[in-house]
Amino acid sequence: MADTISSFWGPVTSPEWCEKNYVYSSYIAEFFNTVSNIPCLILALIGLVNALRQRFEKRFSVLHISNMVLAIGSMLYHATLQRVQQQGDETPMVWEMLLYIYILYSPDWHYRSTMPTFLFLYGAAFAVAHAIIRFGAGFKVHYAILCLLCIPRMYKYYIHTNDIHAKRLAKLYLMTISLGTVCWLFDRLYCRKISSWYFNPQGHALWHVLMGFNSYFANTFLMFCRAQQLEWNPRVVHFLGLFPYVKIQKPKSQ
């Protein structure tokens, strides 16, 4: 939502969202859309510490780091509303989904080197193309397809998991992505009407918060399923009785 307030970053060169620009600072274009990425950053850091502390496979450390990179990229994009920073937000979104596809499908993939090689080349090609071409709606369709590719495998893991607490993580994943999508669509489709309200519910900022939790629940669920495949005796435990994380017990031979 453009306005005439002077800014540090200059004219807006990327799509805007349903939040007035530079209300709280001349350095932050969309304040709530920027700071709402902080929960994702914190949750990804917690997940990374847990993965490193218990020596999970490196793929999960990379996954948590990719969540952090995405959160930082989103903060820069919404703080500046510049084309380059928009690419720094959208390209890591695709990279992250490619990493999820690898983690979900690689355990049953017989040719182990082909999948990571293909996904790496695909991600690199997309980054180059996205730097040159403005995809617009095409990016959203592409991202949605990548997300849909993950669903069948997530469902397979869900039905083959007997642990009640692990299944709850999967349900929380589904709930947060559903609510987040509703908030995203509401903010995008009804912005003109929302702009006339006294109070802006900040639907896009809520999307950021919910997707931060969504990524954490998805990562934790996948860590549980992978530990189960490796026979590491995983358990979902709760810090202070509320915050879920995976605790494993590897065989002594490992």
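User: Why is R226 called buried?

Analyst: In this predicted model, local features need pLDDT of at least 70, side-chain atom pairs count only at pLDDT 80 or more, and totals for chains, interfaces and linings use all residues. Residues are numbered from 1 along each chain as its sequence is written, and side-chain values use heavy atoms, with hydrogens and water left out. R226 has a relative accessible area of 16%. Buried means under 20%, exposed over 50% and partly exposed in between, with a 1.4 Å probe and protein chains only. The value of R226 is under 20%, so R226 counts as buried.

User: What makes R59 buried?

Analyst: The relative accessibility of R59 is 17%, so R59 counts as buried.

User: How do you know that E57 forms a salt bridge with R226?

Analyst: The closest N and O atoms of E57 and R226 are 2.7 Å apart. A salt bridge requires a side-chain nitrogen of Lys or Arg within 4 Å of a carboxyl oxygen of Asp or Glu. The distance of 2.7 Å is within 4 Å, so the pair qualifies.

User: What parts of the chain does the pair of E57 and R226 tie together?

Analyst: E57 lies in the loop between α2 (38–53) and α3, while R226 lies in helix α9 (residues 203–229), so the pair joins parts that are 169 residues apart in sequence. Helices are DSSP runs of H or I with at least four residues, numbered from the N terminus.

User: Why are E57, R59 and R226 called a network?

Analyst: The side chains of E57 and R59 also meet in a salt bridge, at 3.6 Å from N to O. E57 takes part in this bridge and in the one with R226, so salt bridges link E57, R59 and R226 in a network.

User: How many salt bridges does the whole structure have, and what makes D108 and K156 one of them?

Analyst: The whole structure has four salt bridges. In D108 and K156, the closest N and O atoms are 3.5 Å apart, and this is within the limit of 4 Å, so the pair counts. D108 lies in the loop between α4 and α5 and K156 in helix α6 (residues 137–159), so the pair ties together parts that are 48 residues apart in sequence.

User: Why are D108 and K156 called partly exposed?

Analyst: D108 has a relative accessible area of 44%, and K156 has a relative accessibility of 33%. Both values lie between 20% and 50%, so both residues count as partly exposed.

User: How do you know that E90 has no salt bridge?

Analyst: The nearest side chain of opposite charge, R83, is 5.5 Å away from E90. Lys and Arg count as positive and Asp and Glu as negative, while His and the chain ends are not counted. The distance of 5.5 Å is not within 4 Å, so no salt bridge is assigned to E90. E90, which is in helix α4, is buried.

User: What is E90 in contact with?

Analyst: Leaving aside neighbours within four places in sequence, E90 is in contact (heavy atoms within 4.5 Å) with H130 and F139.

User: What makes an empty space a cavity, and how many are there?

Analyst: On a 1 Å grid over the protein atoms alone, a cavity is a set of points where a 1.4 Å probe fits but cannot get out; a pocket is an open set with protein on both sides within 12 Å along at least five of seven lines; and lining residues have an atom within 4 Å of a point. By this rule there are two cavities of 30 Å³ or more. The largest has a volume of about 40 Å³, volume being the space filled by probe spheres set on grid points joined across faces, edges and corners.

User: Which residues line the largest cavity?

Analyst: The lining consists of F60, I103, P107, Y157, L222, C225, R226 and Q229. Helix α9 gives the most to this lining, with four residues.

User: How is the lining of the second largest cavity divided by class?

Analyst: The lining of the second largest cavity has four nonpolar, five polar and no charged residues. Nonpolar covers Ala, Val, Leu, Ile, Met, Phe, Trp, Tyr, Cys and Pro, charged covers Asp, Glu, Lys and Arg, and polar covers the others, Gly among them. Among the lining residues are H64, N67 and Y216. The volume of this cavity is about 30 Å³.

User: What is known of the second largest pocket?

Analyst: The second largest pocket has a volume of about 400 Å³. Of its 14 lining residues, V62, W95, L98, L99 and F120 are the closest to its centre. Helix α4 supplies the largest share of the lining, six residues. By class, the lining has 11 nonpolar, two polar and one charged.

Note on methods:
Helix = DSSP H or I, 4+ residues; strand = E, 2+ residues; numbered from the N terminus.
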